[in-house]
Amino acid sequence: MTEILKTESDSSDMIVDFKATLDVRKTGTNIVTKLRNDIFVINVPEAHDIDCRSEMYVFEDRAPFRLLRQLELKEVHFPLDFASSESENSLYILSIGHDEARYIHRNVGLKDESSWKLVKGGKKLGLNLVKWIEFGDDFKPKSMSVSKSGQLVMVSDEPSPGLRVYGPDAQLLRSIFLPRDIKRPLHAVESSRGDFVVSHQTLAVCLLSRDGKTIIRSYRPENDEQRSGGHLCVDSNDRVFVADAYNHRVVLLDSNLLWKQVLISTIEKKDGENMKTAVRFPDNLYYDEANKQIVVCGFYGVHVYTVMHK
């Protein structure tokens, strides 16, 4: 039987401070990842804005977060999610094509260190995207993440809820039909223990066994009407960062999905100045453990925060 957890674990142990708003100049949805010493943001235009292409922004990962490069993604029609692999030195973009099929584009040519210079010193970006994986009608992924070992984890709710894991060579390693309690999966990440943390719209966040057959435990807010699991990240201790979009906040759960704290919230921020840096409807995030930073994409833009232990 699934264990539903609403109990707090130990007391809050992190302090979060606003650091910067990245210079993404267009409206629309933003998705973020990081590779080496740079933050990558893809801006996806509103669905009705058919004449606009998605753009990629590249920023330094330290203050003042200088914009290094802005380029049009001509190869990608409609991006859904964005991820990176340090071990493979690769960027991955999940997208829907003009033909309504779903693809993963992967950059090529970045294995060579000399091509990975962005615009520092006037060098080229060295980004060359190719279609890497094409999906059929049996699995239509809506999001993806990359494990520490470079494996891609993705979930789909069409035609039925499922999870797949691909190796760095694009080989399908695992295909899992998700339990019936997970009706609308949103995002999944692999923990260091080899099990999966899955967000969905019925129980918010759950811990799923490695074989995908058992929901070990689940977390949802105290108010059952506020179930809105979203994009996830895990750190080296398997603590879970959740973009809780419809509650306008980012929350932290421990490795057992016990509640720890609200990291970022805009409920109390009413004045105009605070609203400029507010996280409204955060739906995508990236936790940079090495630099103790979290990058959050929301309605008002892309914000960077420091995350420090007390």
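**Exercise 1. Confidence along the chain**

Find how residues 110–124 score in pLDDT in this predicted model, and decide how their coordinates should be read.

Step 1. Over residues 110–124, pLDDT stays under 50. The model has 30 contacts beyond four places in sequence for this stretch.

Step 2. Look at the start of the chain. Residues 1–11 also have pLDDT under 50 throughout, and for them the model has 30 contacts beyond four places in sequence.

Step 3. Set these stretches against the whole chain, where the average pLDDT is 81 and 80% of the residues score at least 70.

Step 4. Predicted coordinates should not be read in detail where pLDDT is low. That caution applies to residues 110–124, with pLDDT under 50, and to residues 1–11, with pLDDT under 50.

**Exercise 2. The sheet that begins with β3**

Work out the strand order of the open sheet that contains β3, and say which strands stand at its edges.

Step 1. The sheet has 4 strands in the order β3-β4-β5-β6, and the pairing is antiparallel.

Step 2. β3 and β6 (67–72) each have a single partner strand, so they stand at the edges and one side of each is left without a neighbour in the sheet.

Step 3. From one strand to the next, the twist averages 20 degrees.

Step 4. Take one pair in detail. β5, residues 55–60, is joined to β6 by 5 bridges, and the two run antiparallel. Within this pairing, F59 has L67 of β6 as its bridge partner.

Step 5. Check the loops. Between β3 and β4 (38–44) lies R36, a residue other than glycine with a positive phi near 55 degrees. The loop between β5 and β6 holds P64; the peptide bond from A63 to P64 is cis, with omega near 10 degrees.

**Exercise 3. The sheet that begins with β11**

Describe the open sheet that contains β11: what are its strand order, its edges and its twist?

Step 1. The order is β11-β12-β13-β14, an open sheet of 4 strands with antiparallel pairing.

Step 2. The edge strands are β11 and β14; each has a single partner strand, so one side of each lacks a neighbour in the sheet.

Step 3. The twist averages 15 degrees from one strand to the next.

Step 4. Follow the pairs. β12 (residues 152–156) and β13 run antiparallel and are joined by 5 bridges, with L152 opposite Y166 in β13. β13 (residues 162–166) pairs with β14 (residues 172–177) over 5 bridges, again in the antiparallel sense. Here V165 has R174 of β14 as its bridge partner.

Step 5. Look at the connections. In the loop between β12 and β13 lies P159, and a cis peptide bond with omega of about -5 degrees joins E158 to P159. β13 and β14 form a hairpin with 5 residues between them. In the turn of that hairpin, A170 has a positive phi of about 70 degrees.

**Exercise 4. The largest pocket**

Which residues are closest to the centre of the largest pocket, and which element gives the most to its lining?

Step 1. The volume of the largest pocket is about 1100 Å³.

Step 2. It is lined by 39 residues, of which T29, N30, F281, D283 and N284 are the closest to the centre.

Step 3. Elements that give two or more residues to this lining include β3 (29–35), β11 (141–146) and β25 (301–309). β7 gives the most, with 4 residues.

Step 4. Sorted by class, the lining has 17 nonpolar, 15 polar and 7 charged residues.

**Exercise 5. The second largest pocket**

Describe the lining of the second largest pocket by its central residues, its elements and its classes.

Step 1. This pocket holds about 780 Å³ of space.

Step 2. Among its 34 lining residues, V146, S147, K148, V234 and Y286 are the closest to the centre.

Step 3. The elements that give two or more residues are β3, β7, β11, β15, β19 (232–234) and β23 (284–288).

Step 4. The classes in this lining are 13 nonpolar, 13 polar and 8 charged residues.

Step 5. Relate this to the sheets. β3 belongs to the sheet of Exercise 2, and β11 to that of Exercise 3.

Definitions and conventions:
Residues are numbered from 1 along each chain as its sequence is written. This is a predicted model: local features need pLDDT of at least 70, side-chain atom pairs count only at pLDDT 80 or more; totals for chains, interfaces and linings use all residues. Side-chain values use heavy atoms; hydrogens and water are left out. On a 1 Å grid over the protein atoms alone, a cavity is a set of points where a 1.4 Å probe fits but cannot get out, and a pocket is an open set with protein on both sides within 12 Å along at least five of seven lines; lining residues have an atom within 4 Å of a point. Grid points are joined across faces, edges and corners, and a volume is the space filled by probe spheres set on the points. Ala, Val, Leu, Ile, Met, Phe, Trp, Tyr, Cys and Pro count as nonpolar, Asp, Glu, Lys and Arg as charged, and the others, Gly among them, as polar. Two strands pair if DSSP finds at least two bridges between them. Axes are lines fitted to C-alpha atoms, for helices over the stretch in contact, and angles run from 0 to 180 degrees between N-to-C directions. pLDDT is the predictor's confidence in each residue, from 0 to 100. Contact means heavy atoms within 4.5 Å.
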